[in-house]
Amino acid sequence: MLEATNLHKTYTLPHKRVEVLRGASLRVGEGERVAVVGRSGAGKSTLLHVLGGLDRPETGEVSVAGQSLYTSSARVRTAVRAAHIGFVFQSYHLLPEMDVTENVMLPAMTGVLKIPRSEMRRRALELIKQVGLADRATHMPLELSGGEQQRVALARALVNEPALILADEPTGNLDRSTGGQIMELLFGLSRTRGLALVMVTHSPETAALCDRVVELTEGLLVAKA
Amino acid sequence: MPFSLFLALKYLKPKRSVTSVVTLVSVLGVILGVAIVIIVRAVMTGFGDMWREKILDFKPHITISPLNGGVIVREEALCKRLEQVPGVLAASPGLETRVLVECRRRVVAPLLVGTDPLRARRVMKLDRMASGEFNIEGDSAVLGVDLASELGVTVGEDILVYSPMNLVVKNEVYFPERLTVTGIYDSGQRDFDAGFVVTSIAVARDLMGLKSGVYSIHLKVADPQNRDAFKKIVEDVRMLTPTYAVRTWQEIDSQLFNALAVEKNMMVILLMFITVVAIFCVMNTLIVLTVQKTDEVGLLKALGFSSWQVMVAFVLHGWIQCIVGTVLGIGAAFLILQNLQGLVGCLARVGVEVFPKDIYGLAQIPWRVVPGEVVVVAVSVILFCTFASFLPAWRAARMDPVTALRRE
């Protein structure tokens with residue numbers, strides 16, 4: 001599903017060069033769930049951005065669903081991202097001007113699926129129901145709690161029926177109990193839909209739920225027992 | 001609905017956001033800018049029309065005179081031939097000269113116009129008589145209301161007319177011509193009401209020491225403002241009178257019309273700056289919006305929206321503000337123009353005289369909207385606005401999604 005080989009990424013700060021990735025490689029099969037752990041500042045978010053086609057590495061290659069991301073044009077990369085990858089962020093990133101349904105429909109509006117607006121709405125409402133917010137479909141994001149907003153973000157990540165979800169500490173802003181519910185939901189959806197999942201997390205409990213755990217250390221991905 | 005338009009409309013009506021107030025203020029700026037430009041253009045056009053109308057009513061539309069001075073002889077026959085030209089309503093012989101007019105020991109130097117009493121009514125539209133009637137038979141004269149008041153003369157009284165042509169005769173005692181005022185006209189135009197004495201050709205000839213002939217022939221045509229038809233008439237008249245100088249009303253008063261056109265254009269250019277300032281407000285709103293929405297732009301790009309889609313959304317945001325502002329501005333301009341008299345009346349009541357009656361001599365402020373000019377204003381505003389929206393939109397579109405997302 002996802003194959004990343006020999007990724008190198010360096011940031012140049014004033015008077016300092018930081019090598020975040022020094023040859024990191026990762027292979028994720030279909031429906032496989034992988035947790036990425038590591039200390040703060042190790043470059044986990046950067047790795048996720050590189051895997052999602054958002055941040056070009058200096059060397060190395062990433063392919064998703066058989067399509068190479070960084071040897072293609074920006075247009076192709078954008079289209080692959082829209083069609084095959086769903087993102088879940090720590091801060092939800094819902095658009096405050098749009099209601100819950102419109103927020104969930106957003107990735108479908110990129111036009112990559114070429115489906116009519118009515119079909120987008122149908123899919124969005126179905127997902128909203130699945131994440132347990134059927135009665136909040138017309139609410140605005142600011143009227144929802146943090147946990148509810150993250151459920152909306154989960155539904156949004158799934159609307160284009162991607163094969164891969166990239167999640168960056170999805171429970172980082174939530175309390176333990178709400179975070180647990182979100183994880184249950186995410187793993188449940190991943191299982192029923194056969195989704196591959198790459199999740200950055202600080203929580204050992206969350207990591208333990210995944211099929212595999214890798215640690216980003218010294219710019220390399222090392223399998224953790 | 002395309003996504004870019006959908007997003008632009010969403011951004012235009014944010015809930016509980018200061019952006020909506022900023023957007024409202026910038027739309028208001030465009031409304032005011034557009035309305036002011038249209039109102040001023042309409043009033044300037046109205047003034048131009050009014051001048052043109054007054055000139056066309058009072059003065060001849062075409063003047064025929066000998067090429068190298070001198071007089072036109074057999075003017076009656078020429079007038080009859082000219083009246084045969086299609087489009088010519090009337091031809092009237094005329095003599096014009098500067099004279100000194102005296103009454104009650106006051107002396108003024110108006111232009112004396114000698115004309116055919118029968119034809120004059122068809123050539124000069126002098127139906128607005130302040131007193132008396134338009135009668136120039138015998139030793140009589142008709143003059144303007146301002147000239148009459150300057151001389152202190154009323155209908156039935158006499159004026160003395162001294163001609164410079166007679167003053168040059170040596171060793172002769174010269175007696176001025178005594179004419180009786182039979183009518184006082186009020187054209188509503190101070191230049192015409194203060195500067196002319198109209199009398200018969202016979203009296204004018206006496207004053208100029210001429211036995212026969214006239215200095216010019218004046219023509220009135222059906223539609224002098226119809227450019228093509230008027231051009232055709234002028235061509236026909238020129239064909240008929242190849243040895244004479246043929247001058248049109250535009251040529252005779254070209255200075256006035258040029259001054260009006262320059263004034264109008266200058267005014268429009270200066271006022272367009274108001275609109276440009278308003279458009280800067282729209283640009284400012286967009287810049288604020290793009291800064292405010294940095295995270296969202298990052299998210300949209302991460303979700304798979306192209307830079308083009310993001311850019312179009314922000315350009316449309318600016319565009320919609322301008323289009324709404326322009327449409328409402330046009331509406332506001334028409335509303336104000338329809339109630340212009342009332343508004344000016346209100347201003348006058350609080351002591352602000354916008355159009356003093358004794359200066360402009362107008363009962364009503366003239367205005368006329370030229371549809372083409374409204375289109376030019378609307379298109380220019382929308383074009384300016386597209387350029388103004390492009391810059392912040394381009395900045396938003398080229399935003400790196402990773403940098404935007406890292407701000408979380």
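Two strands count as paired if DSSP finds at least two bridges between them, and strands themselves (E, at least two residues), like helices (H or I, at least four), are DSSP runs numbered from the N terminus. The model is predicted, so local features need pLDDT of at least 70 and side-chain atom pairs count only at pLDDT 80 or more, whereas totals for chains, interfaces and linings use all residues. Residues are numbered from 1 along each chain as its sequence is written, chains are lettered from A in the order in which they are written, and side-chain values use heavy atoms, with hydrogens and water left out.

**Exercise 1. Describe strand E6 of chain A and its pairing with E7(A).**

Solution. Begin with the side chains of E6(A), residues 85–88: Ile85(A) and Phe87(A) point one way, Gly86(A) and Val88(A) point the other way, and all are buried, a term that stands for under 20% relative accessible area with a 1.4 Å probe and protein chains only, while exposed means over 50% and partly exposed lies in between. Next, take the neighbour: E6(A) and E7(A) run parallel and are joined by four bridges. Within that pairing, Phe87(A) has Leu166(A) of E7(A) as its bridge partner.

**Exercise 2. Work out the order of the open sheet of four strands in chain A, and state which strands stand at its edges.**

Solution. The order is E2-E1-E4-E5, and the pairing is antiparallel. Strand E2 (16–28) and strand E5 (67–68) of chain A each have a single partner strand, so they stand at the edges and one side of each is left without a neighbour in the sheet. For E5(A), the pairing is with strand E4 (residues 59–64) of chain A, over two bridges in the antiparallel sense, and here Ser63(A) stands opposite Ser68(A).

**Exercise 3. Trace the pairing from E3(A) through E9(A) to E10(A).**

Solution. Starting from E3(A), four bridges lead to strand E9 (residues 212–217) of chain A, and the two run parallel; Val34(A) stands opposite Arg212(A) in E9(A). From E9(A), five bridges in the antiparallel sense lead on to strand E10 (residues 220–224) of chain A, where Leu221(A) is the bridge partner of Leu216(A). Finally, E9(A) and E10(A) form a hairpin with two residues between them, and Glu218(A) in the turn has a positive phi of about 55 degrees.

**Exercise 4. Check the length of helix H6 of chain A, then describe its ends and its packing.**

Solution. The expected span of a helix is 1.5 Å times one less than its number of residues, and for the 18 residues of H6(A), residues 176–193, this gives 26 Å, which agrees with the 25 Å between the end C-alpha atoms. At the start of H6(A), a side-chain oxygen of Asp175(A) comes to within 3.1 Å of the backbone nitrogen of Ser177(A). After H6(A) comes Gly194(A), with a positive phi near 65 degrees. Along the helix, the buried residues include Ile182(A), Met183(A), Leu186(A) and Phe187(A). The buried residues of H6(A) pack against several elements of chain A, among them strand E3 (33–37), helix H4 (117–130) and strand E8 (196–200), where contact means heavy atoms within 4.5 Å.

**Exercise 5. Characterise the interface between chain A and chain B, and place His93(A) and His49(A).**

Solution. First, 26 residues of chain A are in contact with 27 residues of chain B. The area buried between chain A and chain B is about 2,300 Å², with 62% of it from carbon and sulfur atoms; buried area is the accessible area (1.4 Å probe) that two parts lose on being put together, summed over both. Leu54(A), His93(A) and Glu97(A) supply 25% of the area that chain A buries against chain B, more than any other three residues. Of these, His93(A) is found in the loop between E6 and helix H3 (100–105) of chain A, has phi near 55 degrees, a positive value in a residue other than glycine, and is buried, with a relative accessible area of 8%. His49(A), in helix H1 (residues 44–51) of chain A, is buried with a relative accessible area of 6%. Not counting residues up to four places away in sequence, His49(A) touches residues of both chains, including Leu54(A), Tyr70(A), Val402(B) and Arg406(B).

Technical notes
Polar contact = N/O pair within 3.5 Å; in protein donor to acceptor, adjacent residues only side chain to side chain.
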